Amino acid sequence: YTLNGTGFLNYRGKQYILPKNSVMILDCDDFQEYYTYNCNSWENKWVHFGGSTSREYFNMIYQRYGPVIEMPEDNNIPEYIDQIINWMECGDSQFEIKASPVIMEILTSILLNAHMEYKSSSKFGMNDYIQAALDYIEKNYNKNIHIEDISRMSKVSLFHFSRQFKKAVGFSPYE
């Protein structure tokens, strides 16, 4: 979870930006690299956890929304992480029992917020031609799709289409 500053993530062959109030959720068995540029500060908190239910949450979040989710400023994730760390550092004998529902609360919060962000950006805050392009890609993902064809279909220049697509979706049309 990014408290302040900006971090960067390389994960599963893609690069991501980690702005303030964003959370990254990763499979710890996959290669990951996170860092800052040019000595910029990046203040973050993290917790490593596992379990079958958390694996299901991870898969659901990652497959639908990717590994980086921007959270609202008033979320409780930093406090939840502090609570888990405190129990662990104090050697609480019931650490795992207490931490489990808190981890589920974190994952549920991420999932619900990601869904709300996706819903607000997909149909309501997005240009119609970007939504049409996403619908086209979804219906034709198994074909050889060319960005030029999609931009022509959208009746905008390739440059404008690519820039607006990345702005709306977070990934380039090629990605």
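Q: In this predicted model, what kind of crossing does H4 make as it passes H5?
A: The crossing of H4 past H5 is right-handed. A crossing gets that name if the near helix is turned clockwise from the far one by less than a right angle.

Q: Why is H4 called oblique to H5?
A: Helix H4 (residues 128–140) and helix H5 (residues 147–154) pack at an angle of about 135°, and their axes are 10 Å apart. Angles over 145 degrees count as roughly antiparallel, and 65 to 115 as roughly perpendicular. The angle of about 135° fits neither range, so H4 is oblique to H5.

Q: How do you know that strand E2 and E3 are paired?
A: Pairing takes at least two bridges. Strand E2 (residues 7–11) is joined to E3 by 5 bridges, so the two strands count as a pair, and they run antiparallel. One bridge partner in E3 is Lys-14, which faces Tyr-11 in the pairing.

Q: What makes E3 and E5 the edges of the open sheet?
A: The sheet has 3 strands in the order E3-E2-E5, with antiparallel pairing. Strand E3 (14–18) and strand E5 (32–35) each have a single partner strand, so one side of each has no neighbour in the sheet. On average, neighbouring strands here are turned by 20° against each other, direction ignored.

Q: How do the residues lining the second largest pocket divide by kind?
A: The pocket holds about 670 Å³ of space. Its lining has 29 residues, with Met-24, Leu-26, Val-47, His-48 and Phe-49 closest to the centre. The lining divides into 18 nonpolar, 8 polar and 3 charged residues. Among the elements that supply at least two lining residues each are E5 and helix H3 (95–124).

Definitions and conventions
Residues numbered from 1 in each chain as written. Predicted model: local features only at pLDDT ≥ 70, side-chain atom pairs only at ≥ 80, totals over all residues. Heavy atoms only, no water. Helix = DSSP H or I, 4+ residues; strand = E, 2+ residues; numbered from the N terminus. Axes fitted to C-alpha atoms, helices over the stretch in contact; angles between N-to-C directions. 1 Å grid on protein atoms, 1.4 Å probe; cavity = no way out; pocket = protein on both sides within 12 Å on 5 of 7 lines; lining within 4 Å. Points joined across faces, edges and corners; volume = space filled by probe spheres on them. Nonpolar A, V, L, I, M, F, W, Y, C, P; charged D, E, K, R; others polar. Parallel < 35°, antiparallel > 145°, perpendicular 65-115°, else oblique.
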